[in-house]
Amino acid sequence: MGAGRRGFFLCLTLIAASHLLGGCEAADPESWADPSGCAVQLAPADGILLVLEELGPPVLGALDLATGQTSTVFSVPSGGFAYEFDARPEGVVLAYTAPAAEGEAGYDRSTLVLLADGALTPLLGDANPGDWAFHPKWSADGAAIWFVRSGEATAARSVLTRLDLAKRRSIDVVDDATEPAVSPDGAHLAWVAVDPVTATRTLVLADADGGSPRIVADAAEIGDLGLPFFSADGRWLYFTVLLATVPEP
């Protein structure tokens, strides 16, 4: 590598994750040909992989890993958009932007909706009309949803927020946080903390309610990081690392 050149590559700490991303291409070469435009997750049903194709028009599809057959779970209406999602037997929670109302131009905020039996149910109401909601994650018991709130009310900073589904009430828990992950046993919550001044990212592990947080990985030491997720038994916390290669002296 020549002097002054820098190369970057994405290191997945769980090798299986690269195969899941590859499913975007394997499932349907016509619509899922670019893995960079996909979000994927194993569905609660055994052997089903959910794939959100974000390169418009967005479509949430299902891939049967045994047969290779694909099906459409939800097609976003023209003019709308879907971002991240998380699935449980109760349904799929989506970060979702509805199509613009007649006479309006451009995208409105993104909000959270529950997709169940083909129908969308808004979850956040209009409490903070200038907000954007991203990165939804079900709690282990299905009673709440963690998500990242940003927008006018947060001065464009990211706030990790918990939505109590029974009370339909949102509570801000952690400032300057994004990309939450919930352990399957409900014992732990993890997120990526972002320094508001330097934008340095660290991986934080905490109790289920966000208490007793501690840094478990620092991007300053290993390269940029993100997208944490727990193993099925909750014993391991995986994340991606963006490594920078530098020329040898």
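In the predicted model, four strands are arranged as an open sheet with the order β6-β7-β8-β9, and the pairing within this sheet is antiparallel. The edge positions are taken by β6 (81-88) and β9 (119-122), each of which has a single partner strand, so that one side of each remains without a neighbour in the sheet. Between neighbouring strands of this sheet the average turn, with direction ignored, is 30°.

Within the sheet, strand β7, comprising residues 91-97, runs antiparallel to strand β8, comprising residues 111-116, and the two are joined by five bridges. One residue pair can be named for this pairing, in that Val93 has Leu114 of β8 as its bridge partner.

Strand β8 also contains Thr111, whose relative accessibility of 16% places this residue in the buried class, because buried residues are those under 20%. When residues up to four places away in sequence are not counted, Thr111 touches Leu94, Ala95 and Tyr96, together with Leu124 and Ala133.

With regard to the chain as a whole, two helices and 19 strands are assigned, and 41% of the 249 residues are buried. Of the contacts in the chain with a separation of 6 or more, 33% are accounted for by residues 24 or more positions apart. The accessible surface of the chain amounts to about 13300 Å², and carbon and sulfur atoms contribute 55% of this area.

Key: Residues numbered from 1 in each chain as written. Predicted model: local features only at pLDDT ≥ 70, side-chain atom pairs only at ≥ 80, totals over all residues. Heavy atoms only, no water. Buried < 20%, exposed > 50% of the residue type's maximum accessible area, 1.4 Å probe, protein only. Contact = heavy atoms within 4.5 Å. Areas by Shrake-Rupley, 256 points an atom, 1.4 Å probe, with all protein chains shown as cover. Pairing = 2+ DSSP bridges. Axes fitted to C-alpha atoms, helices over the stretch in contact; angles between N-to-C directions.
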